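User: I would like a close look at a single part of this model, taken step by step.

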Amino acid sequence: MKTFAALRAIPTLLKIGFSEAVAYRAEMLVWVFATTMPLIMMMLWTTVAEASPVVGQGGKQWGSGAFVAYFLSVFIVRQLISAWAAWEINFEVRQGMLSMRLLRPMHPVLSFAMSNLAYMPMRAVVTLPVFAILLVTELSRMTAQWQVWLLWPLALIGGWLITFFANVAIGSLSFFIDSSIKIMDVWLAAFFVFSGYLFPLELFPEWLRIAAQWLPFRYQIGLPVELMTGQLTVEAALPLLARQYTWAGLMVVASLLLWRSGIKRFQAFGG
Amino acid sequence: MTRYLRLLGLQLRTSALLAAQYRFDFFVDAAISLFWTATAVVPLFVVYGEETRPGIPGWSFGEALVVTACFILLQGVLDGAINPGLQAVIDHIRKGTLDFVLLKPADAQFLVSTSRFMLWRVFSLVTSGIVFGIAFHQIGHGPSVLGVLTALVLFAVATLLLYSLWILIISAAFIVVKVDNLTYLFSSIFDAARWPSSVFRGAVKFFFTFVIPLAVMTTFPAEALLGRLAPMTLVSSIGGAFVFAAVARRIWLRSIGHYTSAGG
């Protein structure tokens, strides 16, 4: 009965979140513009590749065009998998505002998830021009296999799940320690290096590439991007998707456990 | 003047007391600083990863590493000395408590910008020192004395520029109030300074040299250390920074004139 009630509340939650996204659209645009890193890396790598193409570990030749396609895809994927619950949770725990959420008859993590997800339509609209540029200029470098395009949304959902629940896990740490946002900084630093955000993982030395295979980060950005840019066939992508969802599952379990043991320590009366 | 120096001393002392209060933060900051340094350097290793890779035109691995070291140093200045104080202003503006600062019998810009220092961030001096060491070891010889002096002057210029840019962003806070993420936007643009400016072409290069002068902040000091900065560039950088600071000061005075406090 309780789950049913929570499920029924989801459309309303999404609607509230969406109106919030519309109300704070200017703020959201600033967040989007702050995603400058892929574009800077695009300029860097195209300059580097100008003299001669960069050769990856797999023997693929990365020319300027390949980098443009890769980093525009990174930009799009980054917008669609983003979550910021760690900052929200940290803020609400410190300010005592979490009490309000606890009063509602549903799991607070669900309400965080819906408010994050509700921004997606707006974010998707923002990525449309980038998508258009990508298709006009680098169409030949995008995958032509429709089966891969079917897997792409799955990979995006998996990536978002990892991002969101990692956020919840790190946000829940603020029940225990003061500086959980600093831990988020460390997580982000590792994310930048190992996700394929700064460079295609193919350009990594072999041993770092193996490390990246086992870490969660490449399943947030690298996998969806590699699908889009035709670096993966369906057969190659399926085992990677399996790993992605394993990570997503681990993150769900870990974050909910952390949340549950943390919430017992929460006692904000009067803020 | 001596009054302001005394004030600065006082503000520094409160920050020092605060830092001493949270001693554990030193270790956290040091660890994070090391980690961020590693992530700032890793992309360079990938760009210059193999003998066959061409790298950034006009910059050898060691030389590009000098730019990264300058970047780490300046990021420390930004995070430790500039960001905390100005973040406080944004909070003041939003809550309407800026009135209390304005009432005090001293220059408001001075008061807010010295109100808080994160002293543990001096650790980035250490990490950038390590990267400088590795870089010059790669190059094979150290910088000349003149080079070091010029670079120090340029670091001062860079700090002034960063500070002025920040003042401009704060002035925007008077108009749009919710600018927490403008500061984030600025930090993410500042990230571009970790690369030699020759990476950028055309309009972007112009933007990063004259509008948001990232090139002046990290590439020019690095070139000074490498002994290949044209004297004219140095002179125009200093001149430009002072013009920039003067403009920022005027805009600050104007926007504080329009400040109507909370609820206004």
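Which helices of chain A and chain B each supply at least two residues of the lining of the second largest pocket?

Analyst: In this predicted model, the helices that each contribute at least two residues to the lining of the second largest pocket are α2 (25–33), α3 (37–51) and α8 (120–138) of chain A, together with α9 (202–211) of chain B. The space in this pocket comes to about 280 Å³, and among its 16 lining residues those closest to the centre are A:Phe33, A:Thr35, A:Thr36, A:Leu39 and A:Phe75. By class, the lining consists of 14 nonpolar and 2 polar residues, with no charged ones.

Since the lining draws on both chains, the interface between them deserves a look as well. There, 31 residues of chain A are in contact with 33 residues of chain B, and the area buried between the two chains is about 2900 Å², with carbon and sulfur atoms giving 73% of that area. On the side of chain A, the residues that lose the most area to chain B are A:Leu44, A:Thr47 and A:Lys182, which together account for 18% of what that side buries.

The count of salt bridges between chain A and chain B is 1: A:Glu50 pairs with B:Arg201, and their closest N and O atoms lie 2.9 Å apart. The side of chain A that touches chain B receives at least two residues each from α2, α3, β1 (54–55) and α10 (180–194), and the largest share, 10 residues, comes from α3(A). That side divides into 23 nonpolar, 4 polar and 4 charged residues.

How values were computed:
Residues numbered from 1 in each chain as written. Chains lettered and ligands numbered in written order. Predicted model: local features only at pLDDT ≥ 70, side-chain atom pairs only at ≥ 80, totals over all residues. Heavy atoms only, no water. 1 Å grid on protein atoms, 1.4 Å probe; cavity = no way out; pocket = protein on both sides within 12 Å on 5 of 7 lines; lining within 4 Å. Points joined across faces, edges and corners; volume = space filled by probe spheres on them. Helix = DSSP H or I, 4+ residues; strand = E, 2+ residues; numbered from the N terminus. Nonpolar A, V, L, I, M, F, W, Y, C, P; charged D, E, K, R; others polar. Contact = heavy atoms within 4.5 Å. Buried area = accessible area lost by both parts, 1.4 Å probe. Salt bridge = Lys/Arg side-chain N within 4 Å of Asp/Glu carboxyl O.
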